[in-house]
Amino acid sequence: MAEIIRMPRMSDTMEEGNIVDWLVEEGDEVEPGQTLAEVETDKATMELDSYFEGVLLHIAVKEGAVPIDGVIAVIGEEGEDWKAALAGAEGTSSNGTAKKETADVKEEQADSETPAPATAAPAGSDADERIKASPLAKAMAKDAGIDLSTLSGSGGNGRIVKRDVEEAGSKATDVPQKAAATPATPPVTAAPQGSAAPASAAPTPSANVPAFAFNAGSENYSDTPVSQMRKAVSRLVTNSKFTAPHFYVTVEIDMGKAWDFRKKINEVAPVKISFNDLVIKACATNLLKHPVINSSWQESAIREHKDVNIAVAVAIPDGLMMPVVRYANMKSLSQVNVEVKELVGLAKSRKLGQEQMSGSTFSVSNLGMFGVEEFTAILNPPNACILAVGGIADKPVVKDGEVVPGKLMKVTISCDHRVVDGASAAAFLNDVKASLENPIRLMV
């Protein structure tokens, strides 16, 4: 019996997966553990592996978004009737997607057997639904007002994909831009009979300034389809901001001794320790002393975590990822440095696994390297707290009654007021401040 391949849930917050590329083709033999396709989730681009042995009989969705449990392919024995397998799977999906996918396949088969009409239908009509195009391409064409029937597909079997719509859109915008660059010549009108024709010509401009050309009445903008990651970020931060009552506490830390400490430790350390490593370690060594900070809201209970797993915010082009340094309180500065670098690299290449993105008990977000002096961060659920770290600034400070040069850094902790009170947040920050102002504490 042929096996139906459905879109699996690849992360705890995933609602749909976006098929980026198939690594096998229809008719190829596959075996358990073999990678079938690359799927973009809300957190990373991950590999979809086969659990079955056989021949890839049919690819239901070659490119685009598929909801959880949606049908994406059929694997079975060579020559087996995959259409019957799809028909048998109809109505078995927990969210009803199997029935929809089967209907889509039947419609596609009917389209392939029925010649297309000779006349093109207007953009956005029902004819677009019968043209072989990825869901993303259809959505982009609809937004841009592009008639899919006028495009030639560069995808498999002539399927219209994202790049075909983008090329069509760029060609369409080139024409009005060129037209706008050339000012129109005013029409010549004849003077009324019996009157003297005006002898004036166009006035000579007082200065040699080129005319400003623009498309009157039109807007200049571009739309970028929302990625799975950006959708997930939108859901998470909206839920966090409007569900958890945030409050913020800020302290200023004298990083003078930490500055000197970092120079000395880097003379002997196997890797170059960063200030971010010092901040992570300072938080890790103090979290178990303040268990309420290392907690999370569970509706019916407040869960105090016995392990210290710190999520580190990593900015990537289309979103934000929060890989986790596990057992950070038990690791040396060098170990923290190596692990953070590895996680950042995996995050930027979208290769993080689910186990590397889950289980955090506290979060750190550092924008100091961008010259940011101070900011507040939105909580990373289910963590009760996140620390926002600014840059180190050279400022005058008062020591022993004298004004001397200092290196100051502001940090702000965002807290879920359902779990943490202001005094608890202040006590934790004071211990973090003490650890960074006397960094020998990080070594014991």
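Start on the surface: select L236, V237 and I378, which make a nonpolar patch of about 200 Å². A patch here is built from residues with over 30% relative accessible area and no salt bridge, joining nonpolar side chains (Val, Leu, Ile, Met, Phe, Trp, Tyr) within 5 Å and like charges within 9 Å. A salt bridge would be a side-chain nitrogen of Lys or Arg within 4 Å of a carboxyl oxygen of Asp or Glu. Areas are Shrake-Rupley values with a 1.4 Å probe, and for residues only the protein chains shown count as cover.

Before you click on: this is a predicted model, where local features need pLDDT of at least 70 and side-chain atom pairs count only at pLDDT 80 or more, while totals for chains, interfaces and linings use all residues. Numbering runs from 1 along each chain as its sequence is written, and side-chain values use heavy atoms, with hydrogens and water left out.

Stay on V237, which sits in helix α6 (residues 228-243). V237 is partly exposed, at 34% relative accessible area. The cut-offs are under 20% for buried, over 50% for exposed, and partly exposed in between (1.4 Å probe, protein chains only).

Now zoom out. You should have ten helices and 18 strands on screen; these are DSSP runs numbered from the N terminus, H or I of at least four residues for helices and E of at least two for strands. Of the 444 residues, 41% are buried. The accessible surface comes to about 24,600 Å², with 54% of that belonging to carbon and sulfur atoms.

Next, go inside. Which residues touch the most other members of the 86-residue largest nonpolar core? Select F362 and I413. A core is a set of buried Ala, Val, Leu, Ile, Met, Phe, Trp, Tyr and Cys residues joined through side-chain atoms within 4.5 Å. Helix α8 (residues 275-287) gives this core its largest share, eight residues. Another core of ten residues lies apart from it, with A133, M140, A141 and I160 among them.

Show contacts for F362 (heavy atoms within 4.5 Å). Leaving out residues up to four places away in sequence, its partners include C283, L287, I310, I413 and F428. I310 is also the bridge partner of F362 in β16. Three bridges join β12 (residues 310-312) to β16 (residues 362-366), and the two strands run parallel.

Colour the whole sheet: six strands, open, in the order β9-β18-β17-β16-β12-β15, with mixed pairing. Strands count as paired if DSSP finds at least two bridges between them. The edges are β9 and β15 (324-325), each pairing on one side only.

Go to β9 (residues 246-254) and pick V251. Is this residue buried or exposed? V251 counts as buried, at 15% relative accessibility. Its contacts, beyond residues up to four places away in sequence, are M409, K410, V411 and L429.

Last stop: β6 (residues 54-59), where six of six residues are buried. Two bridges link β6 to β3 (residues 29-30), antiparallel, with E29 opposite V55. Four bridges link β6 to β8, also antiparallel, and there H58 partners V74. Finish on V71 in β8 (residues 71-76). V71 is buried, at 1% relative accessible area. Add R6 to the selection: V71 and R6 are 65 residues apart in sequence but 4.4 Å apart in space, C-alpha to C-alpha.
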